[in-house]
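Subject: The structure we talked about

Hi there,

Here is the structure for you to open on your side. Once you have it on the screen, my notes below should be easy to follow.

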Amino acid sequence: MHRRIDHFNGCREFFFMYKNIQSDNGQFHYCKFRKIMLTNKLKKMNKSNLNKQRLNYNIVPMSSDNDNDRQIVIEFFKKNFFQQEPLIMCVQLYKDVESVEKLQNHFFKTLDNGLTFKAVSSNGDLIGVITNEIIVRDNEKRSNCSSNSKVQEQGSVKFNKFMKLFQKVEQESDMFERYPNVNRVMDIKGVAVDETFRGQGVCKALFYKSKELALENKCSMVRVDCSSYFSASAAEKLGFQCIYSLNYEEYTNEKGEVIFNSLPPHKQFKVYVISIEDFFHTD
């Protein structure tokens with residue numbers, strides 16, 4: 001329906017433009033039409049650039065010893081990440097209070113490691129957050145993985161679905177086996193940007209902060225897991241390479257039923273990596 005409306009509005013705009021660029025004898029002036037189209041495009045680009053110029057923000061660390069700051073970050077993630085994450089939406093996790101609480105607590109365990117950073121606007125508004133974790137070869141268990149080799153089957157069924165997925169991705173992507181010379185990796189656990197400020201470079205700035213953290217902590221590679229099409233696209237634009245993908249429609253339970261029946265365009269869970277050297281070349 002929306003596409004039809006957009007198409008109608010586009011046709012209507014073209015019709016009025018066409019009427020305005022006809023000569024007295026009714027002939028169509030292509031050159032004049034092209035000039036108007038280019039002028040309109042430049043106006044839109046200038047407007048977009050103006051919005052970006054007006055957006056001033058700083059990337060600052062979350063204060064791990066400040067409970068209020070920590071809670072603000074948690075609420076930001078709940079609103080701009082958990083409420084929009086495609087896998088959470090497709091299994092309707094929000095209807096299972098226990099599973100939601102467990103997944104959020106599981107995710108927020110990494111907030112206190114000093115690797116969580118915020119994008120804060122000039123007027124003090126929180127507009128973006130990124131949280132990271134360092135993975136070391138000798139202790140490569142990530143916070144995404146259960147402490148047990150087998151996920152507990154008791155209670156929180158929907159939460160267990162996520163833990164099993166995380167385990168599968170971790171085992172099959174097998175990053176350290178793929179890169180035998182890599183011993184330390186900066187793992188981006190989650191990134192969220194306020195919907196109002198998306199498309200204005202905030203996500204890119206947060207990713208670059210993770211790169212700086214990787215350098216400071218002697219990590220030779222940065223990793224990010226992407227459950228959505230949009231996060232995967234953002235990673236690819238920054239030069240990340242996909243080393244693993246799992247089609248949701250092929251991920252089934254014992255009965256052959258699809259576990260995460262995610263809506264388009266979210267079709268795959270992907271793992272992306274980039275070496276620090278390559279990250280420099282994307283600047």
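Phe77, Phe81, Phe82, Phe107 and Phe108 are joined into a cluster by ring pairs. Please keep in mind as you read that the model is a predicted one. Searching the whole structure gives 13 aromatic pairs. Take Phe82 and Phe107: their ring centres are 5.4 Å apart and the planes stand at 90°, so this pair counts as edge-to-face. The two rings come from distant parts of the chain, with Phe82 in helix α3 (residues 67-82) and Phe107 in helix α5 (residues 97-107), 25 residues apart. Phe82 and Phe107 are both buried. Phe107 also pairs with Phe108, with centres 5.5 Å apart and planes at 75°, so that pair is edge-to-face too. Like Phe107, Phe108 is buried.

Phe82 turns up again if you click on Ile88. Ile88 sits in helix α4 (residues 86-90). Its relative accessible area is 5%, so Ile88 counts as buried, the cut-off being under 20%. Apart from neighbours within four places in sequence, Ile88 is in contact with Phe82, Leu93, Tyr94, Leu103 and Phe162. You can also look at Ile88 together with Phe159: they are 71 residues apart along the chain, and their C-alpha atoms are separated by 9.8 Å.

Now for the charged side chains. As a general point, side chains of opposite charge can pair when their charged atoms come close. The count of salt bridges here comes to eleven. One of them joins Glu133 and Lys189, at 3.4 Å from N to O. Glu133 belongs to strand β3 (residues 126-136) and Lys189 to strand β4 (residues 184-193), so this salt bridge ties together parts that are 56 residues apart in sequence. Are these two side chains buried or exposed? Glu133 is buried, with a relative accessible area of 14%, and Lys189 is buried as well, at 13%.

Lys189 has another partner in Asp187, where the closest N and O atoms of the salt bridge are 3.3 Å apart. Asp187 is buried, as is Lys189. Put together, Glu133, Asp187 and Lys189 form a network of salt bridges.

A further salt bridge is the one between Lys270 and Glu236, at 4.0 Å from N to O. This pair also links distant parts of the chain: Lys270 is in strand β7 (residues 268-275) and Glu236 in helix α9 (residues 229-237), 34 residues apart. Lys270 is buried, with a relative accessible area of 18%, whereas Glu236 counts as partly exposed at 42%.

Just ahead of that helix in your viewer, have a look at Ser228, which lies in the loop between β5 (221-226) and α9. Ser228 is buried, with a relative accessible area of 11%. Which residues does Ser228 contact, leaving aside its neighbours within four places in sequence? They are Pro86 and His266.

Helix α8 is worth a visit as well. This helix (residues 202-216) has 15 residues. From its first C-alpha to its last, α8 reaches 21 Å, close to the 21 Å expected at 1.5 Å a residue. Its buried residues are Val202, Leu206, Phe207, Tyr208, Lys209, Ser210, Lys211, Leu213 and Ala214. Two members of that list face each other in a particular way: Lys211 lies over the face of Tyr208, at 4.8 Å from the ring centre. After α8 comes Lys218, whose phi is positive, near 60°.

Finally, some totals for the protein chain. The chain has ten helices and seven strands. Of its 283 residues, 40% are buried. Among contacts with a separation of 6 or more, 73% are between residues 24 or more positions apart. The accessible surface comes to about 17100 Å², and carbon and sulfur atoms account for 49% of that.

If you would like a place to begin, try the cluster of Phe77, Phe81, Phe82, Phe107 and Phe108, and then go on to the network of Glu133, Asp187 and Lys189.

Happy browsing, and best wishes!

Note on methods. Residues are numbered from 1 along each chain as its sequence is written. This is a predicted model: local features need pLDDT of at least 70, side-chain atom pairs count only at pLDDT 80 or more; totals for chains, interfaces and linings use all residues. Side-chain values use heavy atoms; hydrogens and water are left out. Rings of Phe, Tyr and Trp (its six-membered ring) pair if their centres lie within 6.5 Å; planes under 30 degrees apart count as stacked, over 60 as edge-to-face and the rest as tilted. Helices (H or I, at least four residues) and strands (E, at least two) are DSSP runs, numbered from the N terminus. Buried means under 20% relative accessible area, exposed over 50%, partly exposed in between (1.4 Å probe, protein chains only). A charge sits over a ring if NZ of Lys or CZ of Arg is within 6 Å of the ring centre and within 35 degrees of the ring normal. The expected span of a helix is 1.5 Å times one less than its number of residues. Contact means heavy atoms within 4.5 Å. Accessible areas come from the Shrake-Rupley method with a 1.4 Å probe; for residues, only the protein chains shown count as cover. A salt bridge is a side-chain nitrogen of Lys or Arg within 4 Å of a carboxyl oxygen of Asp or Glu.
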